[in-house]
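Welcome to this guided tour. Please open your viewer, switch to a cartoon view and keep the selection tool at hand.

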Amino acid sequence: MIDRGRASKLSAWFAGGLAFGFWAVAPDHATRAVGDGLERALFGRAYAQEAEPEVSPTRVRDREREVYFPNSEDLAPDEMRVIACGTGMPTTRAKQAAACFLVELGNGDKFLFDIGSGSAERISSLQIPYNYLDKVFVGHLHTDHFGALHDLFIGGALMGRNVPLRVWGPSGAIPELGTAYALEGMMQMLTWDMAGRAGNVDFRGYRMDVTEFDFRGENQVIYDENGVVIRSFPAIHAIDGAVSFALEWNDLKFVFSSDTYPNKWFREYAQDADIAIHECFIAVPDLVNKMGFTPESALLVGTQVHTAPEAFGKVMSDIRPRMAVAYHFFKDFDTTPQVYDRIRKTYDGPLSLAEDYMVWNVTKDDIQVRMAAVEEATWAPPLAAPAEPPSLDDRTAFAEQVGIDIADIGFSDFTTAGYDDVDAVLRPIFQEASEALGREFPYPGDQ
Ligand SMILES: [Zn+2]
Ligand SMILES: [Zn+2]
């Protein structure tokens with residue numbers, strides 16, 4: 001077990017400094033932010049050298065890690081861990097998936113807040129059994145906030161989720177603009193996908209339980225289980241039907257804006273947050289220079305549709321969280337200084353400029369900020385509950401549920417006429433499995 005308490009303040013500061021790039025950009029901010037701890041932070045290694053060395057050529061050193069390796073650290077009973085699984089924008093890029101934050105609690109509960117395009121791959125890199133990833137809260141229905149939901153739904157079931165996926169999302173001005181309508185449409189979109197899987201795989205995870213709540217609710221409880229309370233409040237973004245969330249558990253408070261213009265609800269209901277994640281858009285000049293916006297459009301989108309860095313700082317100055325997290329901008333070496341400097345015009349408190357795989361360990365005493373080091377070539381994590389063999393009853397039930405004829409799920413004579421005869425090379429695979437496992441697996445063509 002790694003003792004993460006010991007040097008966490010130093011490392012949090014270092015992680016922040018490296019992540020923000022303010023060594024190169026604004027050393028005066030660093031001085032102001034750290035104050036008396038600066039000297040020790042700068043020369044921490046020299047202080048350590050005064051003691052007897054504790055190194056060995058063969059033993060693991062008993063020291064804090066500067067990175068988070070998934071599946072290598074227990075979560076303490078009173079601890080919250082937040083992992084950025086997407087911090088980017090609707091314009092897709094390999095370096096940053098779109099909005100997605102995972103919250104893991106010491107009571108064992110896990111929650112996904114938004115699940116934007118590209119985030120399902122990030123989630124899979126964390127190697128968490130998929131039965132634990134069964135609760136998703138969607139702040140609004142832009143694809144950069146729910147575009148990977150079908151990836152988690154189908155891929156998560158294939159990788160071991162054998163319980164339904166539970167999804168919460170807001171209503172809209174009319175039913176057609178609400179979450180239930182959107183996800184009914186998603187399920188329709190997946191009819192062919194699921195028809196082809198029913199009868200071939202454990203089908204229990206291919207169910208989505210959707211809870212649509214009133215977007216107008218002001219600090220309304222939308223989830224209350226196992227000591228965890230999640231509330232929603234209105235956001236101002238695009239059109240009616242966007243919300244922000246607050247999760248409270250064990251005297252810790254996580255707040256997530258999804259997308260919003262600064263508003264009175266966030267200012268009121270995000271108070272006392274231990275960690276407050278709020279959108280912070282790319283600076284207006286970079287919208288012109290990097291994204292090709294006209295100045296007119298950049299000024300509108302960068303200040304009126306989204307939250308400009310200066311406005312993000314104002315929001316955080318109003319609510320004063322223990323850790324403010326800015327996301328929703330492309331975080332490159334040349335865009336980050338603009339965002340950082342503009343936030344610092346209006347906010348001087350603790351700050352993380354989020355990027356994918358940033359990790360926050362939150363307790364009452366400390367907030368540690370690190371980056372995760374992840375594998376990319378991952379496979380399915382372990383099952384949290386035993387799998388069941390496929391059943392053709394699932395295909396029948398699916399056909400009934402969708403209202404189609406079971407005879408239409410499968411191959412027609414037209415298609416089967418195209419089969420090449422490779423039974424002779426496939427039959428030994430069944431014999432091999434039968435011999436290895438000591439039970440008979442009849443070859444399908446022989447039944
Ligand atoms: Zn949006
Ligand atoms: Zn967005």
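Before we start, here is one term for later: a crossing of two helices is called right-handed if the near helix is turned clockwise from the far one by less than a right angle, and left-handed if it is turned anticlockwise. Keep in mind, too, that this is a predicted model.

**Stop 1: the nine-stranded sheet**

Select the strands β1, β16, β15, β2, β3, β4, β5, β6 and β7, and you will see them lined up in that order as an open sheet with mixed pairing. Which strands stand at the edges? They are β1 (67-68) and β7, and because each has a single partner strand, one side of each is left without a neighbour in the sheet.

Now pick residues 80-86, which are strand β2, together with residues 100-105, which are strand β3. The two run antiparallel and are joined by six bridges. To see one opposite pair, show Ile 83 and Leu 102 of β3.

Next, add helix α9 (residues 179-189), which packs on the sheet and touches β6 and β7. Its direction makes about 160 degrees with that of β7.

**Stop 2: strand β6 and its two partners**

Select residues 165-170 to bring up β6. Is this strand mostly covered or mostly open? Mostly covered: five of its six residues are buried.

On one side, β6 pairs with strand β5 (residues 135-137) in the parallel sense over three bridges. Show Phe 137 and you will find its bridge partner in β6, Trp 168. Then turn to strand β7 (residues 208-213), which pairs with β6 over six bridges, again in the parallel sense. Here, Leu 165 has Met 208 of β7 as its bridge partner.

While you have strands on screen, try displaying some side chains. In a regular strand they alternate between the two faces of the sheet.

**Stop 3: the seven-stranded sheet**

Move on to β8, β9, β10, β11, β12, β13 and β14, which form an open sheet of seven strands in that order, with mixed pairing. The edge strands are β8 (220-225) and β14 (351-353), each pairing on one side only. Ignoring direction, neighbouring strands of this sheet are turned by 15 degrees against each other on average.

Start at the β8 edge. Five bridges connect β8 with β9, and the two run antiparallel. Glu 225 stands opposite Val 228 in β9.

Go one strand further and select residues 243-249, strand β10. Why is β10 largely enclosed by the rest of the structure? Because six of its seven residues are buried. Strand β9 (residues 228-234) runs antiparallel to β10, with six bridges between them, and Ile 230 faces Leu 247 of β10. Strand β11 (residues 252-256) also pairs with β10, in the antiparallel sense over five bridges. One opposite pair to show here is Ala 246 and Val 255 of β11.

**Stop 4: a hairpin turn and a loop**

Zoom in on the hairpin formed by β10 and β11, which has two residues between the strands. Asn 250 in the turn has a positive phi of about 55 degrees. Asp 251 also lies in the loop between β10 and β11, and although it is not a glycine, Asp 251 has a positive phi of about 65 degrees. Asp 251 is exposed, with 9 other C-beta atoms within 10 Å.

Now jump to Ser 258, in the loop between β11 and α11 (264-269). Ser 258 is not a glycine either, yet its phi is positive, at about 55 degrees. Is Ser 258 buried or exposed? Buried, with 28 other C-beta atoms within 10 Å.

**Stop 5: two helices on the sheet**

Finally, show α14, which packs on the sheet and touches β12 (275-279) and β13 (323-327). Add α15, which lies across β13 and β14 and runs at about 155 degrees to β14.

Helix α14 (residues 309-319) and helix α15 (residues 336-344) have axes that come within 7 Å and cross at roughly 40 degrees. That makes α14 oblique to α15, and the crossing is right-handed. To view the contact, select Pro 309, Glu 310, Phe 312 and Gly 313 in α14, which meet Val 339, Arg 342, Ile 343 and Arg 344 in α15. The residues of this contact divide into four nonpolar, one polar and three charged.

Key. Residues numbered from 1 in each chain as written. Chains lettered and ligands numbered in written order. Predicted model: local features only at pLDDT ≥ 70, side-chain atom pairs only at ≥ 80, totals over all residues. Buried ≥ 20, exposed ≤ 12 C-beta atoms within 10 Å, placed from the backbone. Helix = DSSP H or I, 4+ residues; strand = E, 2+ residues; numbered from the N terminus. Pairing = 2+ DSSP bridges. Contact = placed C-beta atoms within 7 Å. Axes fitted to C-alpha atoms, helices over the stretch in contact; angles between N-to-C directions. Parallel < 35°, antiparallel > 145°, perpendicular 65-115°, else oblique. Nonpolar A, V, L, I, M, F, W, Y, C, P; charged D, E, K, R; others polar.
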